[in-house]
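Please open the model in your viewer, colour it by secondary structure, and keep the sequence panel visible beside it. The stops below follow one another, each with something to select and a short account of what is there.

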Amino acid sequence: MARWLVSLMLLSGVGIAGIANANTAVLELLSNNQGLTPQMLMAQVERQYPGVISGFDIDVENGELIYEISIIDTQAETISEFEFWAKDGSLIHQKVEPIEADDHDGVRAVQVLINSDLSFSHLVKLAVGSSKAHVIEAQLDHDLGISYLELKLIDANGKHKIAFDIEKQRPLPLLKWD
């Protein structure tokens with residue numbers, strides 16, 4: 001499988017160097033401190049929109065960072081997806097859809113977060129701790145009876161993932177991987 005993936009990357013022209021360059025570009029954009037950090041935008045969104053953030057992702061368009069946020073509103077039974085400019089937090093696009101059956105795990109994790117009296121941004125802060133790594137993706141999930149936050153982080157050493165138990169507010173060592 002790994003050989004197939006490497007072959008596909010080489011044939012598509014991406015290659016290992018392309019991935020490394022993309023990681024470097026994202027890290028540089030996040031490190032330049034010209035705009036909102038992911039955590040700052042998360043807190044802003046929590047104040048402005050109903051529901052609970054269930055996911056965060058970063059995209060780069062024309063050298064500009066875009067933050068993508070998903071919010072589950074259990075009362076309205078909707079999932080809203082937003083795109084914001086990282087430089088100033090202005091809204092680019094919003095889409096609202098009804099919660100569907102395949103959203104069940106995210107809804108369950110959101111309910112655990114609500115019952116734990118935590119916000120998504122605070123949970124991210126707890127999970128990241130004193131690390132100097134930047135959040136590039138965060139997603140609530142529920143599996144094997146555990147509701148957790150899955151984080152993808154980037155720093156000078158590259159990307160890595162961690163999982164953080166919502167209820168116990170601690171890392172999940174069994175779900176920690178690189």
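Begin with His134 in strand S5, whose bridge partner in S6 is Ile154; helices (H or I, at least four residues) and strands (E, at least two) are DSSP runs, numbered from the N terminus. This is a predicted model, in which local features need pLDDT of at least 70 and side-chain atom pairs count only at pLDDT 80 or more, while totals for chains, interfaces and linings use all residues. Residues are numbered from 1 along each chain as its sequence is written, and side-chain values use heavy atoms, with hydrogens and water left out.

**Stop 1: the S5 and S6 hairpin**

Keep His134 and Ile154 selected and extend the selection along both strands: S5 and S6 pair in the antiparallel sense over 9 bridges, where pairing requires that DSSP finds at least two bridges between two strands. Two residues are not part of either strand here, since the hairpin has 2 residues between the strands. Select Leu144, which is placed in the loop between S5 and S6 and has a phi near 55°, a positive value in a residue other than glycine. Is Leu144 buried or exposed? With a relative accessibility of 77%, Leu144 counts as exposed, the classes being buried under 20% relative accessible area, exposed over 50%, and partly exposed in between (1.4 Å probe, protein chains only).

**Stop 2: across the sheet**

Now show the strands alone. They form an open sheet of 8 strands in the order S4-S3-S2-S1-S5-S6-S7-S8, with antiparallel pairing. Strand S4 (91-98) and strand S8 (170-171) stand at the edges with a single partner strand each, so one side of each has no neighbour in the sheet. Strands of a sheet pair through backbone hydrogen bonds, either parallel or antiparallel.

From S6 (residues 146-155), move on to S7 (residues 158-165), which pairs with S6 in the antiparallel sense over 8 bridges; Asp155 has Gly158 in S7 as its bridge partner. Then select Gln169, in the loop between S7 and S8, where phi is near 50°, again a positive value in a residue other than glycine. Gln169 is partly exposed, with a relative accessible area of 37%.

Return to S5 and look at its pairing with S1, which is antiparallel and runs over 3 bridges. Phe56 has Ala138 in S5 as its bridge partner.

**Stop 3: a buried serine in S1**

Select Ser54, which is found in strand S1 and is buried, with a relative accessible area of 4%. Display everything in contact with Ser54, where contact means heavy atoms within 4.5 Å. Leaving aside neighbours within four places in sequence, the residues in contact with Ser54 include Ser70, Ile71 and Ile72, as well as Val110, Phe120 and Ala138.

**Stop 4: helices H3 and H5**

Select helix H3 (residues 38-48) together with helix H5 (residues 120-128), whose axes come within 8 Å and cross at roughly 155°; axes are lines fitted to C-alpha atoms, for helices over the stretch in contact, and angles run from 0 to 180 degrees between N-to-C directions. H3 and H5 are therefore roughly antiparallel to each other, a term that applies to angles over 145 degrees. At this contact, Gln39, Met42, Ala43 and Glu46 in H3 meet Phe120, Ser121, Val124 and Val128 in H5. The residues of this contact divide into 5 nonpolar, 2 polar and 1 charged, with Ala, Val, Leu, Ile, Met, Phe, Trp, Tyr, Cys and Pro counted as nonpolar, Asp, Glu, Lys and Arg as charged, and the others, Gly among them, as polar.

Focus on Glu46, which lies in helix H3 and counts as partly exposed at 26% relative accessibility. Not counting residues up to four places away in sequence, Glu46 touches Ile53, Ser119, Phe120 and Ser121. If you draw a C-alpha to C-alpha distance from Glu46 to Ile71, the two are 9.1 Å apart in space and 25 residues apart in sequence.

**Stop 5: the whole chain**

Finally, zoom out to the protein chain, which has 5 helices and 8 strands. From the N terminus on, the elements run α-α-α-β-β-β-β-α-α-β-β-β-β. Buried residues make up 36% of the 178 residues in the chain.

Technical notes. Parallel < 35°, antiparallel > 145°, perpendicular 65-115°, else oblique.
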